[in-house]
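Colleague: I'm new to this one. Could you walk me through how to read it?

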Amino acid sequence: MTAETSLPTGEDLLAEINRLRKEKNAIILAHYYQTADIQDIADFVGDSLELSRKAAETDADVIVFCGVKFMADTAKILSPEKIVVLPDMDAGCSLEDSCPPEKFKAFREAHPDHIALTYINCSTEVKALSDIIVTSSSAETIISQIPEDQKIIFGPDRHLGGYMSRKFGRDMLLWPGVCIVHEAFSETELLKLKAQYPDAPVAAHPECPPTIIDHADYVGSTSGILQFAKTFEGDTLIVATEPHIIHQMEKALPEKTFIGAPGADGNCSCNICPYMALNTMEKMYACLRDLEPRIEIEEGLRLKAKQSLDRMLEMASGTIGKGDLGKV
């Protein structure tokens with residue numbers, strides 16, 4: 001990224017971002033876990049895969065992905081002809097980090113009679129080593145189509161895999177990765193909050209540990225949680241996922257109250273994704289200006305990774321992005 005002695009601020013920053021995206025025919029994507037200012041300027045806000053699919057359908061030349069690196073990689077896998085930039089290349093993911101490709105390859109080779117269902121929160125290299133990619137919204141549909149006598153490896157999220165194993169009664173080999181955000185929720189503090197709001201249901205992401213899932217009235221993807229927020233009876237909802245999703249809830253449903261589930265310290269501060277927080281409006285502006293840092297994927301690797309994504313889309317296309325609020 002080109003060094004700059006000063007960057008525009010305030011309304012000037014917004015104007016420059018809008019000028020650059022028009023000039024470069026760019027589309028801005030923001031995950032639900034981005035800050036409110038980034039969500040509000042984005043063309044689309046949503047789950048990671050649904051954003052990549054929407055971007056692929058546009059005639060944009062440039063995709064600015066405000067999320068984490070595996071999400072931008074997925075956009076490049078689906079749109080190889082487009083320039084894909086990420087505001088901060090250090091925006092990683094604890095799940096991706098927990099599953100190095102060489103170790104996953106060795107694990108697969110040690111269990112040749114298993115197929116690999118791999119959560120989309122992984123590297124391109126791990127996607128290329130997998131049979132079917134799943135999302136939190138498509139995992140149930142996909143697992144239900146796999147014969148019961150077929151042995152399964154599920155990675156890298158052991159909580160999502162464990163939730164699916166319990167739900168379907170399937171004995172799966174689970175990779176031991178976790179999301180540091182969802183792992184931070186405290187059962188003790190959640191019970192205190194439930195006592196304070198006894199009529200409020202709890203909506204939880206399946207990346208949460210069982211101690212949180214067991215108290216949830218609804219378990220689903222970020223877009224699924226948003227859909228639940230629109231349909232639940234009552235006026236208060238406790239939300240057990242990264243708290244920036246509440247911005248979209250409050251925009252869509254200003255008459256309702258949404259409370260982020262607390263972490264071990266009794267508040268939500270430890271549940272803000274530190275990787276997502278690396279992206280800022282200033283970095284978005286700079287990456288639009290310079291078209292850097294840019295996502296590049298070797299073509300052979302891209303095609304191998306795309307096979308596992310395509311298999312998922314064939315098996316569960318109707319579930320991807322279900323409940324997504326879509327264009328902002």
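Modeller: Sure, we'll go through the cysteines and then the sheets. This is a predicted model, where local features need pLDDT of at least 70, side-chain atom pairs count only at pLDDT 80 or more, and totals for chains, interfaces and linings use all residues. Residues are numbered from 1 along each chain as its sequence is written, and side-chain values use heavy atoms, with hydrogens and water left out.

Colleague: Where does UniProt place the feature "binding site"?

Modeller: UniProt positions are given in the numbering used here, feature names are shortened, and annotations may be inferred rather than shown by experiment. In this case the unreviewed entry puts "binding site" at Cys93, Cys179 and Cys273. Those residues span 181 residues in sequence, yet no two of their C-alpha atoms are more than 9.3 Å apart, so they gather at one spot. Cys93, Cys179 and Cys273 also belong to the lining of the largest cavity. On a 1 Å grid over the protein atoms alone, a cavity is a set of points where a 1.4 Å probe fits but cannot get out, and lining residues have an atom within 4 Å of a point.

Colleague: Is cysteine 93 buried or exposed?

Modeller: Buried means under 20% relative accessible area, exposed over 50%, and partly exposed in between (1.4 Å probe, protein chains only). Cysteine 93 counts as buried because its relative accessibility is 9%. Cysteine 273 is buried too, at 10%.

Colleague: Which elements flank them, and what is each in contact with?

Modeller: Helices (H or I, at least four residues) and strands (E, at least two) are DSSP runs, numbered from the N terminus. Cysteine 93 sits in the loop between strand 4 (83–85) and helix 5 (94–97). Cysteine 273 is in the loop between strand 12 (257–260) and helix 15 (281–290). Contact means heavy atoms within 4.5 Å. Leaving aside neighbours within four places in sequence, cysteine 93 is in contact with Phe70, Asn121 and Tyr275, and cysteine 273 with Val181 and Glu242.

Colleague: How many disulfides does the structure hold?

Modeller: A disulfide is a covalent bond between the sulfur atoms of two cysteines. The cut-off here is a pair of cysteine sulfur atoms within 2.5 Å, and the structure holds zero disulfides. The sulfur of cysteine 273 has its closest cysteine sulfur in cysteine 179, at 6.6 Å, too far for a bond. For cysteine 208, the closest cysteine sulfur is also in cysteine 179, at 8.3 Å, again too far. Cysteine 208 is buried, with 1% relative accessibility.

Colleague: Now the sheets. In what order do strands 2, 1, 3 and 4 sit, and which are the edge strands?

Modeller: Two strands pair if DSSP finds at least two bridges between them. These four form an open, parallel sheet in the order 2-1-3-4, with strand 2 (44–46) and strand 4 at the edges, each pairing on one side only. Strand 1 (residues 26–31) and strand 2 pair over three bridges; leucine 29 has phenylalanine 44 as its bridge partner in strand 2.

Colleague: What about the sheet with strand 12?

Modeller: That one is open and parallel as well, with four strands in the order 10-9-11-12. Its edge strands are strand 10 (218–219) and strand 12. Strand 11 (residues 236–240) and strand 12 pair over four bridges, and in strand 12 the bridge partner of leucine 237 is phenylalanine 258.

Terms used: 1 Å grid on protein atoms, 1.4 Å probe; cavity = no way out; pocket = protein on both sides within 12 Å on 5 of 7 lines; lining within 4 Å.
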